[in-house]
Amino acid sequence: MPRHPHLGHTALFALLTVCVLLPATAIILTLHLPQLLLLAATYCLTLTLAALLFPFIWNQPLSTGLHWNASAIKPRLFLLGPALAVLTQAIESLLPTPKDLPIDQILRTTPSLILLALFGTFLAPLFEEVLFRGFLLPSLALAVDYLRLPKSLESLEKWRAQTTFSLIAITLSTLITSILFALLHASQLGFYWPAVTLILAVSVVLCAVRFRTHSLAATVLVHTTYNATIFLTVALTTHRP
């Protein structure tokens with residue numbers, strides 16, 4: 001039985017995103033609507049199209065193919081996200097962080113904070129985890145192990161029957177995924193590389209959760225509670241109109 005998702009599936013999901021993003025951008029710019037609405041519309045429509053398309057490719061629901069596996073969630077995972085948020089914020093407080101980062105511009109008013117918090121707590125973690133830990137991470141690990149296979153039919157059949165990855169596949173896929181994840185958020189941080197490196201470290205933890213639990217639902221939970229803690233801290237520690 002073929003193992004998935006592989007890199008072709010990841011490329012297809014990325015293509016879906018681009019195909020939704022381009023017309024959505026044109027509409028948003030024409031109507032002068034907020035950029036946050038553009039992202040929300042893109043994420044929702046892409047996930048919807050993926051949920052309709054991939055079952056035809058995989059002969060099973062998208063959630064099954066991406067190993068949603070909600071039953072793997074353990075109570076301690078509810079604490080991991082907030083603990084990770086507190087740790088990264090503590091480290092960030094020790095850094096000479098520049099004033100007026102792009103993300104700070106968005107958070108200057110209470111309405112913008114509320115809207116971004118809702119988006120960043122519920123929708124963004126789901127989409128980002130589907131993309132990075134649902135598609136990209138396992139497909140990279142799959143590709144690494146495939147390239148390392150001995151050139152024999154027996155090795156290929158053995159590889160197809162496995163559900164685990166080698167240590168080198170886990171390491172390389174985690175590193176590549178985390179670099180790309182951090183770069184996605186770099187513009188929000190004004191390309192302030194110490195802060196971007198912290199985001200990379202958060203991604204490494206999320207990748208570890210994905211491999212350890214074999215559950216995309218677990219990484220969504222950790223990502224969601226991490227973001228929620230960040231927004232709650234911002235709301236409690238800063239004053240805005």
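This passage looks at two helices and two nonpolar cores in a predicted model.

Helix 8 makes a friendly starting point. It covers residues 167-186, and at 1.5 Å a residue its 20 residues should span 28 Å; the end C-alpha atoms are indeed 28 Å apart, so expectation and model agree. Which residues of helix 8 are buried? They are A169, S173, T174, T177, S178, F181, A182, H185 and A186. The spacing in such a list is easier to read with one rule in mind: an α-helix has 3.6 residues a turn, so residues three or four places apart point the same way. The buried residues of helix 8 pack against three partners, namely helix 6 (110-147), helix 9 (193-213) and helix 10 (216-237).

Helix 10 can be checked in the same manner. With 22 residues at 1.5 Å each, a span of 32 Å is expected, and the distance between its end C-alpha atoms, 32 Å, agrees. At the start of helix 10, S215 places a side-chain oxygen within 3.3 Å of the backbone nitrogen of A217.

Attention now turns to the nonpolar cores. In soluble globular proteins, nonpolar side chains tend to be buried together. Here the largest nonpolar core contains 22 residues, and F13, F54, L62, L66, V130 and F135 have the most contacts inside it. Helix 1 (7-31), helix 2 (35-58), helix 6 and helix 10 each give two or more residues to this core, with helix 6 giving the most, 9 residues. Beyond its neighbours within four places in sequence, L62 is in contact with A50, A51, F54, P55 and F135. Another core, of 21 residues, lies apart from the largest one and includes L77, A186, I199 and L221.

Methods: Residues are numbered from 1 along each chain as its sequence is written. This is a predicted model: local features need pLDDT of at least 70, side-chain atom pairs count only at pLDDT 80 or more; totals for chains, interfaces and linings use all residues. Side-chain values use heavy atoms; hydrogens and water are left out. Helices (H or I, at least four residues) and strands (E, at least two) are DSSP runs, numbered from the N terminus. The expected span of a helix is 1.5 Å times one less than its number of residues. Buried means under 20% relative accessible area, exposed over 50%, partly exposed in between (1.4 Å probe, protein chains only). Contact means heavy atoms within 4.5 Å. A nonpolar core is a set of buried Ala, Val, Leu, Ile, Met, Phe, Trp, Tyr and Cys residues joined through side-chain atoms within 4.5 Å. A polar contact is a pair of N or O atoms within 3.5 Å; within protein, one must be able to donate a hydrogen and the other to accept it, and residues adjacent in sequence count only if both atoms are side-chain atoms.
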